[in-house]
Amino acid sequence: MTHTFSVPSVHTAPSIHTAPSMSVITKAEVDRVVSEDRPGVLDTIAATYRAVAAGDVVVPHSSFLRFPDRPSDRIIALPAFLGSSSPAAGIKWISSWPGNTADGRPRASAVLILNDMQTGFPYAMLESSTISANRTAAGAVLAAERVVGERRAAKVAIIGAGLISRTCWSILTDLGWSIDELSVFDTDLGSARRFRSEIDDPDLIVTVADSAVDACRDADLVIIATVAAQPHLHDPALLDSNPVVLHLSLRDLAPELIAASVNITDDVDHAIRERTSLHLAELAYGHRDFVRGTLGELLDDPVTFDRSAPIVFSPFGLGVLDIALGRWVHDRVTANGGGHTVSDFFG
């Protein structure tokens, strides 16, 4: 999508005698800011989704760098521009190396670059796996709140016990969601058990399930965040309880489950591509009628959802969310004297 904006100055341009500096912000600094202000994270993501719905963004399709001899590995570039009264631009460069987990390293690693809107110079570089996880999880929780209408889920099921699911769970609990039961399933039993061991709430029933269907039985809210490259969840029993499903890894649900659900995404054209479950459903059925709308459109829409079918939120992951949240993090870190300034980065 392409738009024309009137762009006010945000960062002061360097004088002819002064080279711009670069601010480097570490994972620890990002972690501290996002964990201390969960409502601020959600407000930032909600405002960005509204900007997407209003057309105040430029979000090119993500570019996937794949490798002929490494089919499970990839690096994705997500450039974006956020317009409106407080413009921001930049790019996220995020790699996914599933084999890392066997060696105790994170699957995903990322950096985010922010660019000055007057000079074009990059002015900040942030560790971005945390930003990426938080913008994904915050959008998912916003979608759940919008559909459910309250911060309440009697039972939550988690499929895939990695960083994204952990971040979703942290946001739910930090925001005071009322939850009675949690069931966790992961094909790596050790990951599911570690997830359970990290939860310290004597009033919460926490179980490790033997299968995805077992985890989802009677669930109100389902979080799916795996490294699946193609659909592996086909059993209709998975969604028998008509839950709200946060389908964050995009490629888990079989097309027939998608077609039988009410679907929400972040951007239709972005999400129905790259052989996501939504894309496969379109190819199988020849239409997109199973998509109800986008989160940005629905945030302020008074419509009440019919809960007689599963409601599935499948966000492709818009780079403009990373830019907005990254700028929010940067401003808070630097306002408190954080970040490492490299004054001679550009010579």
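**Entry 1: Asp322**

I looked up Asp322 first and found the residue in helix α11. The model is a predicted one, and I read every value below with that in mind. With a relative accessible area of 0%, Asp322 is buried. I then listed the polar contacts of its side chain. One, of 3.1 Å, goes to the side chain of Lys92; another, of 2.9 Å, joins Asp322 to the side chain of Arg135. Leaving out residues up to four places away in sequence, I find that Asp322 touches Lys92, Leu112, Ile131, Ser132 and Arg135. Lys92 and Arg135 thus appear both as polar partners and in the contact list.

**Entry 2: helix α11**

I next took the helix as a whole. Helix α11 covers residues 319–335, which is 17 residues. From its first C-alpha to its last it reaches 24 Å, close to the 24 Å expected at 1.5 Å a residue. How many of its 17 residues are buried? I count 13, and the helix is mostly covered. After α11 comes Gly337, for which I noted a positive phi, near 80°.

**Entry 3: strands β5, β6 and β7**

I turned to the antiparallel strands. Strand β5, residues 88–96, pairs with strand β6, residues 108–115, over 8 bridges in the antiparallel sense. Within this pair I located Ile94 opposite Ala110 of β6. Strand β6 also pairs with strand β7, residues 122–127, again antiparallel, over 5 bridges. Here Ile113 has Met125 in β7 as its bridge partner. The hairpin of β6 and β7 has 6 residues between the strands, and in it I found Gly120 with a positive phi near 85°.

**Entry 4: the parallel sheet**

I traced an open sheet of 8 strands with parallel pairing, in the order β10-β9-β8-β11-β12-β15-β13-β14. Why is one side of β10 and of β14 left without a neighbour in the sheet? These strands, at 205–208 and 291–294, stand at the edges and each has a single partner strand, so one side of each stays unpaired in the sheet. On average, neighbouring strands of the sheet are turned by 20° against each other, direction ignored.

At the β14 edge I checked the pairing with β13, residues 262–265: 3 bridges join the two strands, which run parallel. Asn263 stands opposite Val291 in β14.

I then looked for helices on the sheet. Helix α4, residues 163–174, packs on it and touches β8 (152–159), β9 (178–185) and β11 (221–224). The direction of α4 makes about 145° with that of β11. Helix α5, residues 189–197, also packs on the sheet, touching β8, β9 and β10; its direction makes about 170° with that of β10.

**Entry 5: strand β15 and Ser314**

I examined β15, residues 311–314, the strand that holds Ser314. On one side lie Ile311 and Phe313, on the other Val312 and Ser314; all are buried, and both faces of the strand are covered. Strand β12, residues 244–247, is joined to β15 by 3 bridges and runs parallel to it, with Leu246 opposite Phe313. Strand β13 is joined to β15 by 4 bridges, also parallel, and Thr265 stands opposite Ser314.

Is Ser314 buried or exposed? Its relative accessibility is 1%, and so I record Ser314 as buried. Its side chain makes a polar contact of 3.1 Å with the side chain of His247. Neighbours within four places in sequence aside, Ser314 is in contact with His247, Leu250, Ile264, Thr265, Asp266, Ala271 and Leu278.

**Entry 6: Glu282**

I found Glu282 in helix α9, residues 277–285. Its relative accessible area is 18%; because the cut-off for buried is under 20%, Glu282 counts as buried. Residues up to four places away in sequence aside, Glu282 touches Ile272, His287, Arg288 and Phe290. I also took the separation of Glu282 from Ala47: the two are 235 residues apart along the chain, and their C-alpha atoms are separated by 30 Å.

**Entry 7: confidence**

Finally I checked the confidence values. The protein averages a pLDDT of 92, and 95% of the residues score at least 70. Over residues 1–9 the pLDDT is below 50. Beyond near neighbours in sequence, this stretch has 20 contacts in the model.

Note on methods
Residues are numbered from 1 along each chain as its sequence is written. Side-chain values use heavy atoms; hydrogens and water are left out. Two strands pair if DSSP finds at least two bridges between them. The expected span of a helix is 1.5 Å times one less than its number of residues. Buried means under 20% relative accessible area, exposed over 50%, partly exposed in between (1.4 Å probe, protein chains only). Axes are lines fitted to C-alpha atoms, for helices over the stretch in contact, and angles run from 0 to 180 degrees between N-to-C directions. Contact means heavy atoms within 4.5 Å. A polar contact is a pair of N or O atoms within 3.5 Å; within protein, one must be able to donate a hydrogen and the other to accept it, and residues adjacent in sequence count only if both atoms are side-chain atoms. pLDDT is the predictor's confidence in each residue, from 0 to 100.
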